[in-house]
Amino acid sequence: MLFSQNIEILETVDVLVAGGGPAGICAAVSAARAGARVVLIERFGILGGMLTCGHVNPILGSVSAGTIADELLQLFKASRSATDTRITRNGRENEIDPEVVKSILGPFLKQSGVDYYLHCPLVDVIMDGRSIDVVVIGTPTGLAGIRAKVCIDATGDGTLSFLSGAPYWIGREPDGRCQPTTLEFTISHVDETKAIFCFGGSDPVKLESGEEYRKVCQRAQAAGELPANVSIVRLHKTPHAGERSVNATQANNHDVLSLGGIRDAELELRQQIGLCIEFLRTNIPGYEHCLLKSSASALGVRETRRIKGEYMLCDRDVEEGSRFADVVVHKAWFLIDIHNPSGSGQAEGQSKMARPYDIPYRCLVPLDIDNLLLAGRCMSGTHRAHASYRVMTICMAMGQAAGIAAAVCSLADIRPRDLDVSLLQQKLTGCSIDLFG
Ligand SMILES: Cc1cc2nc3c(=O)[nH]c(=O)nc-3n(C[C@H](O)[C@H](O)[C@H](O)COP(=O)(O)OP(=O)(O)OC[C@H]3O[C@@H](n4cnc5c(N)ncnc54)[C@H](O)[C@@H]3O)c2cc1C
């Protein structure tokens with residue numbers, strides 16, 4: 001903070017979005033479309049967050065029709081037609097090629113009138129009472145500041161809220177442990193005439209021999225051929241034949257909000273990639289000649305801070321499909337998918353079903369800070385609810401709601417917590433979003 005007091009203010013905007021992942025991109029575009037002058041800051045040189053730098057694939061979860069998530073999926077599908085060699089074994093078409101997505105998101109922001117900066121980490125804030133006065137960023141020439149009437153925290157880790165002094169939770173309620181981290185990677189040279197897919201530890205897919213694939217993984221884990229906390233090597237489709245997106249490596253119990261924790265998790269996970277590939281080559285038909293094609297450039301962090309908001313989305317809301325008068329994301333749906341915080345596999349035996357639920361506006365409004373909104377995985381909810389709403393389709397829809405809310409508040413000079421939610425709902429339904437069906 002001492003260094004931040006005399007910094008140069010680069011610009012003053014209506015809305016600042018911190019983080020260019022699925023939630024931040026959708027927040028920034030939606031705020032700009034709603035008439036605000038918007039700047040987005042991203043610490044990496046690539047937009048997309050987990051979608052690109054994390055190699056996360058496919059885009060999972062669902063929300064009601066008409067949101068910006070539909071628009072982005074269409075954009076991804078249209079742009080991959082030139083390179084698409086996908087083999088269709090089921091009707092899902094939400095798998096993406098991170099390399100293709102990397103070049104789509106910049107123009108998507110620009111065309112909507114969003115200004116953005118890359119290699120631009122948020123490092124500090126200067127507060128004016130309960131409001132963020134200046135967002136302090138790192139630039140190639142040192143620290144600089146941006147002023148915004150309303151800010152959106154889409155950093156995943158809730159960094160902007162944390163720096164502003166907003167209260168938060170970490171990890172599951174009894175012991176504070178978070179879901180493990182993973183480095184996803186893509187393999188090529190898979191023989192499609194023999195090779196299986198596998199969605200997760202509950203997928204009963206069998207090998208040619210009739211043996212269940214998950215049993216083969218568990219045996220390799222017990223024999224030390226797979227890392228001690230890897231009981232399943234998930235093999236997801238990509239848009240290309242002969243490729244798999246592999247979600248398998250797992251590091252538990254690292255504090256990935258500390259520099260040492262990030263280093264140690266990365267170190268552990270990079271070593272695991274080779275073991276997983278060797279396991280596939282040796283044991284699984286069709287994978288004998290598979291090669292590492294590419295891997296995530298950012299640590300895959302499932303869970304860190306969940307910022308306390310005006311409402312906390314509860315386990316029951318997700319399990320029973322709660323409806324709220326201040327709904328801004330309708331029919332959000334995904335499994336309660338808790339990767340085990342203290343061992344291999346899933347925390348609850350296997351992922352639990354959820355019912356399509358509403359996300360109320362109050363989950364996006366943090367306590368204590370007056371000009372801040374939340375979008376994405378740092379939204380206000382319990383550990384188990386988070387395990388459902390953290391998937392990308394739902395984060396995109398949250399981003400849209402937060403973006404429009406921020407634009408309305410900044411242009412009308414009102415605090416997000418004082419916003420008349422019916423006005424936001426009108427604007428969302430004006431975008432053809434089915435909020436009340
Ligand atoms: C291993 C793994 C597998 C997953 N599998 C799936 C899956 O198959 N399907 C699915 O839909 N979801 C999956 N998820 C969940 C999903 O990817 C994330 O929850 C989702 O991307 C969250 O979106 P977000 O925009 O909130 O955060 P992120 O995608 O993390 O984006 C946050 C952005 O903020 C930036 N940022 C962070 N701090 C700063 C800072 N200080 N300054 C500037 N910028 C900053 C980051 O660089 C990043 O670009 C998976 C997650 C992980 C980790």
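This passage describes the domains, the ligand shell, the helix packing and two backbone features of a predicted model.

The protein chain is divided into two parts: domain 1 covers residues 2-175 together with 303-430, and domain 2 covers residues 185-295. The centres of domain 1 and domain 2, taken over C-alpha atoms, are separated by 29 Å. To the contact, domain 1 contributes 22 residues and domain 2 likewise contributes 22 residues. On the side of domain 1 that touches domain 2, the residues by class are four nonpolar, twelve polar and six charged.

The ligand is surrounded by 39 residues, of which Gly19, Gly21, Gly49, Gly156 and Gly376 come nearest. Two elements, α1 (22-33) and α9 (392-412), give two or more residues to this shell. The most is given by α1, with three residues. Sorted by class, the shell around the ligand holds 18 nonpolar, 14 polar and seven charged residues.

The helix packing is considered next. Two packed helices are described by the angle between their axes and by the distance between those axes. For α1 and α9, the axes come within 7 Å and cross at roughly 35°. This crossing of α1 and α9 is right-handed. On the α1 side, the contact is made by Pro22, Ala23, Gly24, Ile25, Cys26, Ala27, Ala28, Val29, Ser30 and Ala31. On the α9 side, the contributing residues are Met392, Cys395, Met396, Met398, Gly399, Gln400, Ala402, Gly403, Ile404, Ala406 and Ala407. By class, the contact of α1 with α9 comprises 16 nonpolar and five polar residues, with no charged residues.

Helix α1 also packs against helix α3 (residues 98-111), where the axes come within 9 Å and cross at roughly 25°. The angle makes α1 roughly parallel to α3. In passing α3, α1 forms a left-handed crossing. The residues that meet here are Ile25, Ala28 and Val29 in α1 and Leu105, Phe108 and Leu109 in α3. The contact of α1 with α3 has six nonpolar residues and neither polar nor charged ones. Ile25, Ala28 and Val29 of α1 thus appear in the contact with α3 and also in the contact with α9.

Helix α9 has a further contact with helix α10 (residues 421-430), at an angle of about 125° and with the axes 10 Å apart. The helices α9 and α10 are therefore oblique to each other. Their crossing is right-handed. From α9, the contact takes Ala401, Ile404, Ala405 and Val408, and from α10 it takes Leu423, Leu424, Lys427 and Leu428. By class, the contact of α9 with α10 has seven nonpolar residues, no polar residues and one charged residue. Ile404 of α9 is listed in this contact and in the contact with α1.

Two backbone features remain. Most residues other than glycine have a negative phi, and most peptide bonds are trans. Histidine 55, although not a glycine, has a positive phi of about 55°. Histidine 55 is found in the loop between β2 and α2. Asparagine 57 and proline 58 are joined by a cis peptide bond, with omega about 5°. Proline 58 is found in the loop between β2 (38-41) and α2 (68-80).

How values were computed:
Residues are numbered from 1 along each chain as its sequence is written. This is a predicted model: local features need pLDDT of at least 70, side-chain atom pairs count only at pLDDT 80 or more; totals for chains, interfaces and linings use all residues. A residue is near a molecule or strand if its C-beta atom, placed from the backbone, lies within 6 Å of it. Helices (H or I, at least four residues) and strands (E, at least two) are DSSP runs, numbered from the N terminus. Ala, Val, Leu, Ile, Met, Phe, Trp, Tyr, Cys and Pro count as nonpolar, Asp, Glu, Lys and Arg as charged, and the others, Gly among them, as polar. Axes are lines fitted to C-alpha atoms, for helices over the stretch in contact, and angles run from 0 to 180 degrees between N-to-C directions. Angles under 35 degrees count as roughly parallel, over 145 as roughly antiparallel, 65 to 115 as roughly perpendicular and the rest as oblique. A crossing is left-handed if the near helix is turned anticlockwise from the far one by less than a right angle, and right-handed if clockwise. Two residues are in contact if their C-beta atoms, placed from the backbone, lie within 7 Å. Domain bounds come from an automatic or database domain assignment.
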